[in-house]
Amino acid sequence: MKENGFFAEFKKFIMRGNVIDLAVGVIIGGAFTAIVTSLNEDIITPILGIFGGTDFSNLTVKLGSGDNAPVLTYGNFITAVINFLITAFVIFCIIRAINKASEKLKKKEEAAPTTKSCPYCKSEIDILAIKCPHCTSDITE
């Protein structure tokens with residue numbers, strides 16, 4: 001059975017490594033979201049409740065009158081914004097730590113200079129040289 005062009009293209013797309021990486025990222029992101037949500041709801045919101053005297057999840061506005069009137073739960077929105085800010089801050093800290101670690105590795109990988117410039121003729125000479133081979137000046141650095 002010959003595969004249709006669309007399905008062959010889809011199979012090629014699915015088999016690429018970056019699709020698997022994306023799937024792993026989504027799964028880890030979901031778990032990370034649960035952690036951040038718990039941090040916000042179970043730790044930060046109660047602490048903010050001490051200072052503000054309110055729990056964000058209970059903040060609502062009833063639009064209209066009667067039992068069936070719609071309720072605007074803006075407290076849940078505030079909680080979602082706090083979750084987003086915490087997530088963004090944690091990701092920022094992780095990326096910053098990774099960048100600093102990679103900078104340290106780059107600095108270690110950079111080789112020490114093996115040449116220097118002659119102060120008289122400006123020629124490039126060996127770093128250990130005490131006499132310039134080009135202008136025969138004594139290097140006293």
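**Charge distribution, overall form and local environments in a predicted model**

The protein carries 14 positive and 14 negative side chains, and the centres of these two sets are separated by 5 Å. The model analysed here is a predicted one. Its exposed surface amounts to about 11,500 Å², of which 66% is supplied by carbon and sulfur atoms.

The secondary structure comprises 3 helices and 4 strands, and these elements are arranged along the sequence in the pattern α-α-β-β-α-β-β. The overall dimensions depart from those of a compact globule: for 141 residues such a globule would have a radius of gyration near 14 Å, whereas the value for the protein is 31 Å. Along the principal axes, the C-alpha atoms occupy a box of roughly 100 × 70 × 25 Å. Buried residues make up 15% of the 141 in the protein. Where contacts between residues at least 6 apart in sequence are considered, 18% connect residues at least 24 apart.

Two C-alpha separations illustrate distances within the model. Ser 38, a residue of helix H2 (residues 17-52), and Lys 131 are 93 residues apart along the chain, and their C-alpha atoms are 69 Å apart. Ser 38 has a relative accessible area of 31% and is therefore classed as partly exposed. Over a sequence separation of 16 residues, the C-alpha atoms of Thr 79 and Ile 95 lie 24 Å apart.

Thr 79 belongs to helix H3 (residues 74-109). Its relative accessibility is 8%, so Thr 79 counts as buried, the threshold for that class being under 20%. When neighbours within four places in sequence are set aside, the contacts of Thr 79 are with Asn 40, Glu 41, Phe 56 and Ser 57. Asn 40 and Glu 41, two of these partners, fall within the range of helix H2 (residues 17-52).

Two serines towards the end of the chain were also examined. Ser 123 is located in the loop that connects strand E3 (115-117) with strand E4 (124-126). With a relative accessibility of 18%, Ser 123 is assigned to the buried class because the cut-off is under 20%. Apart from neighbours within four places in sequence, Ser 123 makes contact with Lys 116, Ser 117, Cys 118 and His 134. Among these partners, Lys 116 and Ser 117 lie in the residue range of strand E3 (115-117).

Ser 137 is placed in the segment after E4. Ser 137 likewise counts as buried, at 18% relative accessibility. Beyond neighbours within four places in sequence, the residues in contact with Ser 137 are Tyr 120, Ile 130, Lys 131 and Cys 132. Lys 131, a contact of Ser 137, is also the residue whose C-alpha atom is separated from that of Ser 38 by 69 Å.

With respect to aromatic side chains, the structure holds 1 aromatic pair. The pair is formed by Phe 6 and Phe 7, whose ring centres are 5.5 Å apart and whose planes meet at 80°, so the arrangement is edge-to-face. Both Phe 6 and Phe 7 are exposed.

Conventions
Residues are numbered from 1 along each chain as its sequence is written. Side-chain values use heavy atoms; hydrogens and water are left out. Buried means under 20% relative accessible area, exposed over 50%, partly exposed in between (1.4 Å probe, protein chains only). Contact means heavy atoms within 4.5 Å. The radius of gyration is taken over C-alpha atoms; the globule rule is 2.2 Å times the number of residues to the power 0.38. Accessible areas come from the Shrake-Rupley method with a 1.4 Å probe; for residues, only the protein chains shown count as cover. Lys and Arg count as positive and Asp and Glu as negative; His and the chain ends are not counted. The place of a charge is taken as NZ of Lys, CZ of Arg, CG of Asp or CD of Glu. Rings of Phe, Tyr and Trp (its six-membered ring) pair if their centres lie within 6.5 Å; planes under 30 degrees apart count as stacked, over 60 as edge-to-face and the rest as tilted.
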